[in-house]
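Me: Could you walk me through this structure, one question at a time? I'd like to follow the reasoning as well as the answers.

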Amino acid sequence: MGGVSVPEEAQPQPLRQPLKKVLGAATAKVMAEALDMHTAGDLLHHYPRRYAERGELTRLAELPLDEHVTVVAQVATARILTFNSGRGQRLEVVITDGSGQLQLVFFGRGVHKPHKDLLPGTRAMFAGKVSVFNRKLQLAHPAYQLLRGEGAEDAVDSWAGALIPLYPATAKLESWKIAKAVDAVLPSAQEALDPLPPALREGRGLLPLPEALEKIHRPRTKADIEQARARLKWDEAFVLQVALARRRHDESQLPAVARVPGPDGLLDAFDARLPFTLTEGQRTVSAEIFAALATDHPMHRLLQGEVGSGKTLVALRAMLAVVDAGGQAAMLAPTEVLAQQHHRSITEMMGELAEGGTLGAAEKSTKVVLLTGSMGAAARRQALLDLVTGEAGIVIGTHALIEDKVRFHDLGLVVVDEQHRFGVEQRDALRGKGKQPPHLLVMTATPIPRTVAMTVFGDLETSVLDQLPAGRSPIASHVVPAQDKPHFLARAWERVREEVRQGHQAYVVCPRIGDGEDEKAAPKGGKDRAKGKEPAAEDPEKRPPLAVVEVAAELSAGPLKGLRVEILHGRMPPEDKDAVMRRFAAGESDVLVATTVIEVGVNVPNATAMVIMDADRFGVSQLHQLRGRVGRGSAPGLCLLVTEMPEASPARARLGAVAATLDGFELSRIDLEQRREGDVLGQAQSGVRSSLKVLAVIEDEEIIAEARQEASALVAEDPELQGYPGLRTALDALLDEEREQYLDKG
């Protein structure tokens, strides 16, 4: 996507040139391996990460640990130290840039040249990986290039202009080597095909593409950089939005059966027996869904709702509407535990309306069947029969629903729960089960900021449920700094005992299982941590994450002695997992020590407290999801985030943010700002070759929204893009076959 590269056959010759022709085989090989760049065009779209100015130095005060950096700085001191009784030599150089200092070290025979070159007062560019030694940041054996003295004239001339571009580099390829390679291909930028329609480009005052490429790589002023970035952001946003707009356009051409429920059917009977009234949000979203179901092309809708906002109820009403209109509805869950749970809660909500075909069923009723991989043969045969005859109006299952053997009488609606855990091929296979493509409703409890939804799920219309139903209790969240204040941890276990004394239950979540499988990778150490005793010199960053098996044993023998403690993790056999969950749901155990397997969909209203160990090792949205497992009944929930991170660390700030707000959308923004968009899009778009390079999903909200409008208008007027050859070419590059398929189902 990044400044969309153009596919082979349509590219003008110069951009298609293999790098080995332009740069030589050795450099081209490193570029291909380290950065996945193969042609001149690929290299032109590898933009500088930032720019250093001759006059000012990169801030050493803000160096990231464990990353490859390029800094421009001045040598303050350089001295040779001997060790091993004089047999070994080490050169230590301290460089400074006004904001901070950094130590460089060179060993062995490698000390002589740098000792000659790096005299105090010398300025140079240094590149290497930032590590920590004796609590100080350092670069070991950095590559360097002098900026004055012998040979410096050439170096300075080769960076004519005041701004030095610093490229995303790797250990094998320093930034200045990439810069040199870019020089070799930059003339071919003149041949770049422009994907933006001229009217759009001129209307928004954007640079032509060749000029933007020239200015992003070799800016003379800061204004050059701004103009180039503004132009390249539009490329990324617009080409992606055109792809999504075409997808929506194609979908709107597909036929589907309009599903309009008649009066006095299942839906009315169901609404009449609800013990509460729907929230305003549930009514609005249901109306949007019913309107979409009533059209004769397939609905594609993303239903976002906070944990516990009543998404399942909205989805169930949509399914009942489709059954009333003579069709069938299927709900797909990512795991058997979840499928069984949905089946339980839906049959409970429907009561006798779910007993179709049995004696004593209400006259308006249907059959609700469960279909999972581990069902017995007889039950499975019956379920399949109920589907093919149409006896079952609603089926709930895992991807077992997609197997070839499963036939529907008339599939009208597919509801997919937590779609990011669900593969592309599966949704496709399910689509083929209807006589015509069924309507699709995707539910997610992960709040997705509006722009990410427009970027990642841009081919789905979005409905949002943002208020909690009446009767759901608020959840209080607190950070427990186990390292700074061990007595806080002791108090946390005391709180768990108090909840249990009041007849409630609790979860304790750990990042690791600890059943021997994952021990091999982890160094030993750190016993007794759940009790609040800390091994003296252990760095919380370095020790292995806490494990379910160990923590459960420590708690049972220590702070939670006498309580009924059970464990649950992903490597247990399915029947053991189900048994543990059943006992916990029935109140036969007090505390469940688990991994994040409980993150999705576990519903035990009596569980009121959750303690998350090593909370800093989880992502923001994951913590939010986990926390949503408590406070599901009428008693208030409590979530304690235990961490050993020091107060000033970014990890603690992140936990503070989670404790401070229950608004998932706010948290997902914080999460996005802390990670880079590439990760977010990368998770959601498997197979994306290069993620966004200059477009920032949160900052560039306006560009994305405008690009979406422009793209929709352009596609409406020319769906095949006949009049836009440059845009067509850019699209082909964005959507090689797999990705076109991928976007299709995003």
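## Strands, helices and salt bridges

Reply: Happy to! This is a predicted model, and a good place to begin is Ala124, which stands opposite Leu146 in strand 7.

Me: How many bridges join strand 5 to strand 7, and do they run parallel or antiparallel?

Reply: Strand 5 covers residues 123–133 and strand 7 covers residues 143–146. The two strands run antiparallel, and the number of bridges joining them is 4.

Me: Which side chains of strand 7 point to one face and are buried?

Reply: In a regular strand, side chains alternate between the two faces of the sheet. Strand 7 shows this alternation: Ala143 and Gln145 point to one face and are not buried. Pointing to the other face, and buried, are Tyr144 and Leu146.

Me: What is the strand order in the open sheet of 6 strands?

Reply: The pairing in this open sheet is parallel. Its edge strands, each pairing on one side only, are strand 16 (475–481) and strand 18 (565–568). From one strand to the next the twist averages 20°. The order is 16-21-20-17-19-18.

Me: Which residue of strand 19 does Val508 stand opposite?

Reply: Strand 17 (residues 505–509) and strand 19 (residues 591–594) run parallel and are joined by 4 bridges. Within strand 19, the residue opposite Val508 is Val593.

Me: At about what angle does helix 22 run to strand 16?

Reply: Helix 22 is made of residues 650–660. This helix lies across strand 16 and strand 21 (637–643). Relative to strand 16, helix 22 runs at about 160°.

Me: How many salt bridges does a search of the whole structure find?

Reply: One of them pairs Asp271 with Arg317, and another pairs Arg617 with Asp614. Some are linked in a network, made up of Asp194, Arg201, Glu202, Arg231 and Asp235. For the whole structure, the search finds 28.

Me: How many residues apart in sequence are the parts that Glu92 and Arg79 tie together?

Reply: Glu92 forms a salt bridge with Arg79, with their closest N and O atoms 3.5 Å apart. Glu92 lies in strand 3 (residues 88–96) and Arg79 in strand 2 (residues 68–83), so the pair ties together parts whose separation in residues is 13.

Me: Of that pair, is Glu92 buried or exposed?

Reply: Its partner Arg79 has a relative accessible area of 48%, which makes Arg79 partly exposed. Glu92 has 12% relative accessibility, and the cut-off for buried is under 20%. Glu92 therefore counts as buried.

Me: How far apart are the closest N and O atoms of Asp271 and Arg317?

Reply: This salt bridge links distant parts of the chain, 46 residues apart: Asp271 is in helix 11 (residues 266–273) and Arg317 in helix 13 (residues 311–324). Asp271 is partly exposed at 27%, while Arg317 counts as buried at 8%. The closest N and O atoms are separated by 2.9 Å.

Me: What is the relative accessible area of Asp614?

Reply: Asp614 forms a salt bridge with Arg617, the closest N and O atoms being 4.0 Å apart. Arg617 is partly exposed, at 31%. Asp614 is buried, and its relative accessible area is 3%.

Me: What separates the C-alpha atoms of Glu236 and Ala707?

Reply: Glu236 has its place in helix 10 (residues 222–253) and is buried, with a relative accessible area of 0%. Along the chain, Glu236 and Ala707 are 471 residues apart. Their C-alpha atoms are separated by 9.4 Å.

How values were computed:
Residues are numbered from 1 along each chain as its sequence is written. This is a predicted model: local features need pLDDT of at least 70, side-chain atom pairs count only at pLDDT 80 or more; totals for chains, interfaces and linings use all residues. Side-chain values use heavy atoms; hydrogens and water are left out. Two strands pair if DSSP finds at least two bridges between them. Axes are lines fitted to C-alpha atoms, for helices over the stretch in contact, and angles run from 0 to 180 degrees between N-to-C directions. Contact means heavy atoms within 4.5 Å. A salt bridge is a side-chain nitrogen of Lys or Arg within 4 Å of a carboxyl oxygen of Asp or Glu. Buried means under 20% relative accessible area, exposed over 50%, partly exposed in between (1.4 Å probe, protein chains only).
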